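Reader: I'd like to go through the empty spaces inside a protein model. Could you take me through the terms as we go?

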Amino acid sequence: MNKPLRRIAIFCGVLILALLVRTNYLQYVRADELNSRDENRRVRIERYAHERGDIIVDGKAITGSVETDGSDFKYKRVWKDGPMWAPVTGYSSQAFDSTQLENLEDGILTGNDDQLFFNRTLSMFTGDQKKGGNVVTTLNGAAQKAAFEGLGDQKGAAVALDPETGAILALASTPSYDPSVFAGNSEKDSEARAKLLADKDQPMLNRALRETYPPGSTFKVVTAAAALENGLYDNIDDPTKSPLPWVLPGTTLPLKNEGNIPCENASLREALRWSCNSVFGKVSADLGNKKMIEEADKFGFNQEIFTPVRADKSVFPEDIPSQSAMAGIGQASNRATPLQMAMVASAIANDGKLMQPYMVASRQAPNTDTIDTAEPKEMSRPVSAENAQKIQQMMETVVEKGTGTTAKIDGVTVGGKTGTAENGLNNSKKPYAWFISYAKTDKGTPVAVAVVVADSKANRENISGGGLAAPIAKAIMKAVIDSK
Amino acid sequence: MSVVTNTTTIGAIDAPSRRNTELMMMVFAIAISVFAYANVGLAIDGKLPSGMLGYGAGLVLLGGVAHLVVRKFAPYADPLLLPLATLLNGLGLVLIWRLDQSQRLIQRAKQMGFTYSPDAPKQLLYSAIGVAFFVAVLMVLKDHRVLQRYTYISMVVALVLLITPIFFPEVNGAKIWISLGPFSIQPGEFAKIFIAIFFSGYLMVKRDALALASRRFMGMYLPRGRDLGPILTIWALSILILVFETDLGTSLLFFGLFIVMLYVATERTSWIVFGLLMSAAGAVGVATFEPHVQQRVDAWLAPFSEKTMAQSDQIAQSLMSFGSGGTLGSGLGQGHSDLIMFAANADFILSTVGEELGLAGMMAVLLVYGLIVERGIRTALAARDPFGKLLAVGLSGAFAIQVFVVAGGVMGLIPLSGMTMPFLAYGGSSVLANWALIAILIRISDTARRPAPAPAPSPDAEMTQVVRP
């Protein structure tokens, strides 16, 4: 009977071998695929198994981790001044994933990033608890506070940039939300999130980056840049050949100005000072759609901007001449994010050099050693230094004695541009109040801002960029200058 | 004529008893288990577990008693079987204890309205009873051939064990339990031993009839109808078990066991062909109208499909456990195999091995099982009597098939069936039955390796062979 016995031995060997092959296949060949499956809860468990690193502003953490019990997840994310910082941090919820910096910098914050490999290996030997690294932002706490409090309970957004580096100093959006309310995994968290999602004021919308508005008259700065760059005009104080009324090309409709202002043949400086629609509409029409698009693109239009949080495309589209002329004064199909308009102001303030906006200054290992530091990067040169300085003069005139006098700061040179963009069909809804500006001190140009107030409680007659948005911009600029 | 081969269990004159080797291996087996226990405690609480002394002492006591009994009652037994079983039992206890600490499983129990009680102490008790079984078998069963006398009684016992669960309520979709008050046993585990005894006794008597009295048909030997009777009966029985108790694993186990033993007894390959054809026909037939079996097949084919996930995500969770273990594993106590929830420490205990000990640990554990089977078949080779050969190969074959069916099931190699990983999984019946199984194998190997009695001296031969210088 030994011959069949040996064969049975081989058969049993084959059974065990099949299991060995299978376990190799599962644990070696398919391991990555299995580990990255959506159904695999381990990924999320791992994310909250250790204290998450912090997001840091002005050297202080604006986030934290608290231990929880009663679920798979050991730690829960908490935020200090959640609503104020939500447009920067995003959220990181045990049940609902994460967004923005919490999401994009997850590798550092959880400590799983490849850059932390050495660090991790080291702590394996020292027996330290695993902990995430920190993300140090470029934001300025005082500026953010000024922006958030300035906007108050109005719908709107504000962005402040350092024109010389592109560093984002403030990024506020109102109404906002507190990400802490649904950071956990309970019924209560689900309800809180559902309530936020159902809110028709859209508190979870990041208006600074993810919402586009017609930029209104603030876009005239871009139009002026296009005029100078393309040699349409050379001297900003020479009269332009612009009749009043000026009729939109291809139509019989005259382009109206706000009120009775001296726009006929006004110089560029005067036209910007009074915000003449007829002058800039004509400039846009004279340059033509293609050149306007070219100039807008140089300022960052028609592309997504990554800060690293993605900002929506601002749009200056191909259009028929009459619409293109309207787009030149920030109406028609012209749409811009508040970030985009802050970039316009910062490019002008930085003598024509547009810096890539960014909000992560550096990343730190869990032991606070810096792993990498952001280098300011030039994005483009929308205007020559000479023309930029001309536009600066124009914008400073606006604040000095034009529509933007409410942004004046003592002892500081401020340049700005107001905007009151029509909203809705035939301007049926409340207009958007815009203000873009920059401030210069004897030490340089520390700040450029864009503020939009989209839905004020004010009567529509009182809504204007100078009245509503400029004071907020002023507060932000002042906060930045004071904190230097 | 006599060739001394010390390295195998194949009987040889003056084979060393190897009891000290066994002792050394036992020390290893227990040390590995105790270290594993310490490892879990350190991983979960950051300190040595408080029950460590008790657990270590318990394991040393059980292993020590088992070893001493083998030393006394089966001095020539195979030295590997006991340590391998002890290692698996010890590791199983650690894994069960580790899953006892799972907050997730504790919460699940609370949510379902159960009072939570840890399983590890119970398993330690079962292990003690299992070792007591082991000791009892070795002490009572002086010679395995005695079991031949109980051929038909074994059959009756096996049938009773298999049929009784039909009269008890279904548990989790399969009627494989007999519950008496607080106790419940899984009779299938014990039935496999009785069935192996019955087959060995029956086939030893009938093997010549089965092997020789047959007609050639298309190059194969067809058995006569009256000899075909038993195989048809067993086939029908295993299908019936499958249908009435929806116990896929047990029916596969018995049928495989029968084919293996028949083949060894008759040395006819045609039996295997018949067996495979019949089991395939039976399996396909049952799978087409039995929803429970169908579900298992569907879950096997598409573990991540929406339909499967809605019914049970166990297979998917188990696969992800293996995946997340990777090559080296997350380390004992540091995985999330408890996401499997139901039966994590029973049918699915291997997933915890896969996740926390990784590919390396899985291969080691599978090889330990492989070694037990291999030592069992070597025992069969070494056995001098056909009954012993058949019984040894039957028991090791059953062991191998069970390991394959369970491990293959949780790894998604074959459809899942409700059996437990011998020694590793939580469950009293399983531990008891498998300790008894090891005891019988040890008894057979002791008989096989025992030195043959010295031949009686022949005075004539002595006279003529004396050569004086």
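Author: Happily; what follows is a short conversation about cavities and their linings. This is a predicted model, where local features need pLDDT of at least 70, side-chain atom pairs count only at pLDDT 80 or more, and totals for chains, interfaces and linings use all residues. Residues are numbered from 1 along each chain as its sequence is written, chains are lettered from A and ligands numbered from 1 in the order in which they are written, and side-chain values use heavy atoms, with hydrogens and water left out.

Reader: What makes a space in this structure count as a cavity?

Author: On a 1 Å grid over the protein atoms alone, a cavity is a set of points where a 1.4 Å probe fits but cannot get out. Four cavities of 30 Å³ or more are found here. The largest holds about 80 Å³, a volume being the space filled by probe spheres set on the points, which are joined across faces, edges and corners.

Reader: Why is B:K192 called a lining residue of the largest cavity?

Author: Lining residues have an atom within 4 Å of a point, and B:K192 is among those that line the largest cavity, as are B:E189 and B:D247. Helix 7 (187-212) and helix 9 (248-266) of chain B each give two or more residues to this lining; helix 7 gives the most, with three. Helices here are DSSP runs (H or I, at least four residues), numbered from the N terminus.

Reader: How do you know that the lining of the second largest cavity has no charged residues?

Author: Asp, Glu, Lys and Arg count as charged, and the lining divides into six nonpolar and five polar residues, with none charged. B:W435 and B:L59 are among its residues.

Key
1 Å grid on protein atoms, 1.4 Å probe; cavity = no way out; pocket = protein on both sides within 12 Å on 5 of 7 lines; lining within 4 Å.
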